[in-house]
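Trainee: Hey, could we go through this one together? I'd like to see how you read a structure.

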Amino acid sequence: MSTVSTPAAMERARRWRPPPLIANPLLRWGILLAGAAYLYLALNGIPVNWARLSEGLERGGRFVAGFLNPNFTGRLDELVDGFAESVVMTVVATVLGILVSVPVALGAARNLAPRPVYYVCRGLIALSRTFQEIIIAILFVAMFGFGPFAGVLTLTFSTIGFLSKLLAEDIEDIDRGQMEAIRATGGSWLQLLNYGVQPQVMPRLIGLSLYRLDINFRESAVIGIVGAGGIGATLNTAFDRYEYDVAAAILLVIILVVMAAEYSSSAIRRWVQ
Amino acid sequence: MPVATVAGTKVWQRRARGTQFAIWLGWLAATLVVVLSWNVISERTMWMFVEDAHVQAADLLGRMVPPRWSYMDRLWQPLWDTLNIATLGTLIAIVFGVPLAFLAARNTTPSRLLVRPVALFVIVASRSINSLIWALLLVSIIGPGVLAGILAIAFRSVGFIGKLLYEALEEIDDSAVEAIQATGASRPQVIGYAMVPQVMPAFAGISVFRWDINIRESTVLGLVGAGGIGLQLEASISQLAWREASVIFLVILVAVLASEWLSARIRHAII
């Protein structure tokens with residue numbers, strides 16, 4: 001009668017299967033097919049220079065060896081100097097960034113700001129978020145000259161996009177009751193901010209600022225590549241000289257600092273919240 | 001309750017004197033650190049260059065507009081490369097990041113003492129180093145080109161996917177796990193039927209999110225020689241061809257906005 005004849009086949013057909021992630025079979029197979037076609041096209045288009053690659057393996061080996069035996073003392077002066085510059089840039093840029101971000105966030109919160117202000121602040125945030133730090137750094141280095149000042153401005157600018165956006169979203173989510181209570185007592189706009197808004201968003205602001213401090217340090221290692229100061233410049237020089245053991249030492253220092261910053265900032269955030 | 005006596009009357013205070021003093025000291029120390037840091041930066045800055053920054057900015061803008069639109073013809077291939085770097089890099093990162101997450105999550109790791117710390121270190125190391133630095137390293141090892149870019153993106157994304165996925169794994173609902181265990185299922189079956197379905201939406205969201213970030217990052221990898229549209233940017237800037245650079249900036253802007261829109265759409269459809 002039916003096509004299913006043997007008990008084993010019947011057992012197979014009756015078996016429960018987990019539901020697929022994409023319910024529509026046409027869409028599911030379509031996506032798979034398109035993905036396969038794309039992979040074929042993409043993998044065909046990559047030029048791979050095997051001679052250069054095998055030559056690179058030896059260098060890769062040297063780098064791994066350098067990682068196992070990092071050279072901290074060879075360029076100690078440059079390492080300490082670049083590292084200190086990175087820390088200093090991070091601190092100043094984060095503080096400046098917070099100082100500018102708070103007003104921008106207030107302006108970008110729909111429940112506080114009038115429409116024109118809202119659009120201007122959101123535009124500023126979008127502008128800061130779309131371009132990579134490194135592109136901003138190129139422009140600022142061209143304008144302000146080489147050195148940490150261009151780096152500080154770059155980090156400040158990208159801090160604004162990050163901090164204002166997240167803070168503004170937090171302000172939009174606050175409990176309206178407390179704001180209305182302050183308004184009902186006849187509080188001015190500044191008093192409203194101070195007593196109705198600030199206590200509600202303060203833990204989040206502190207948490208975000210610490211997180212951004214972290215990110216800024218990481219980014220300060222990058223923007224040095226285009227001449228905006230910090231440990232990135234030292235790292236770039238080390239790679240240019242093929243001094244993999246020095247480069248490995250710098251990378252290890254970056255990893256350690258980022259780990260330490262991450263653990264301490266999450267501890268502080270837990271204590272604040 | 002902290003109370004101060006002012007002119008014979010008791011006045012309520014928010015904090016005790018010691019606490020207030022400690023907070024004040026904290027602010028003083030923080031301000032000092034910032035001022036000293038600023039001094040270091042100020043010493044290393046040529047203020048002459050900063051003072052004529054507005055002139056430089058106006059000059060730069062004057063050289064950038066109008067963009068040389070005909071340059072667009074030569075940007076399609078680099079744009080395709082950029083897309084490939086981001087997508088293939090993300091795929092490689094998924095292949096390695098998912099097992100890494102299972103090794104790192106407290107409830108799936110084979111050994112908390114031996115395997116978990118190693119997996120966590122790999123995740124932190126991958127995350128702490130920006131993809132541009134990975135690219136710098138890989139270009140110096142395997143030579144400039146698209147391959148270095150793909151690997152740089154993959155190296156950076158492994159940690160990102162690993163971290164977010166292992167956190168999602170640790171936060172799953174245990175009752176489903178217990179229910180599957182109660183049927184006598186083996187360890188792989190518990191993972192396959194109780195854990196994977198719970199983190200699947202999170203996994204899809206994380207991957208798409210990372211792809212979006214990777215498009216953004218792969219546009220600049222070329223600055224250190226790792227392929228993509230950044231190579232053209234580097235070439236234009238070093239030739240001071242700012243009219244071409246401004247076309248590239250606009251292309252990057254459009255690419256970033258498009259990928260952001262697409263990833264938001266996909267995440268919206270999944271979640």
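Mentor: Sure, let's talk it through bit by bit. Keep in mind that this is a predicted model.

Trainee: Okay, how many residues does each chain put into the contact?

Mentor: Chain A gives 46 residues and chain B gives 47.

Trainee: And which elements of chain A touch chain B?

Mentor: Helices H3, H4, H6, H7, H9, H10 and H11 of chain A each give two or more residues to that side.

Trainee: What kinds of residues sit on that side of chain A?

Mentor: There are 34 nonpolar, 9 polar and 3 charged residues.

Trainee: Switching topic: where is Phe157(A)?

Mentor: Phe157(A) is part of helix H7 of chain A.

Trainee: Is Phe157(A) buried or exposed?

Mentor: Phe157(A) is buried, because it has 22 C-beta neighbours inside 10 Å and the cut-off for buried is 20 or more.

Trainee: What does Phe157(A) contact, leaving aside neighbours within four places in sequence?

Mentor: Those contacts are Ser128(A) and Ile136(A). Also, the C-alpha atoms of Phe157(A) and Gly97(A) are 7.0 Å apart, although 60 residues separate the two along the chain.

Trainee: Now chain B. Which residues of H5(B) are buried?

Mentor: Ala119(B), Ile123(B), Ser126(B), Arg127(B) and Ser128(B) are.

Trainee: What do they pack against?

Mentor: The buried residues of H5(B) pack against H9 and H11 of chain A, along with H4 and H7 of chain B.

Trainee: What span should H5 of chain B have?

Mentor: It has 14 residues, so at 1.5 Å a residue it should span 20 Å, and its end C-alpha atoms are indeed 20 Å apart.

Key. Residues are numbered from 1 along each chain as its sequence is written. Chains are lettered from A and ligands numbered from 1 in the order in which they are written. This is a predicted model: local features need pLDDT of at least 70, side-chain atom pairs count only at pLDDT 80 or more; totals for chains, interfaces and linings use all residues. Two residues are in contact if their C-beta atoms, placed from the backbone, lie within 7 Å. Helices (H or I, at least four residues) and strands (E, at least two) are DSSP runs, numbered from the N terminus. Ala, Val, Leu, Ile, Met, Phe, Trp, Tyr, Cys and Pro count as nonpolar, Asp, Glu, Lys and Arg as charged, and the others, Gly among them, as polar. A residue is buried if 20 or more other C-beta atoms lie within 10 Å of its own, exposed if 12 or fewer, and partly exposed in between; C-beta atoms are placed from the backbone. The expected span of a helix is 1.5 Å times one less than its number of residues.
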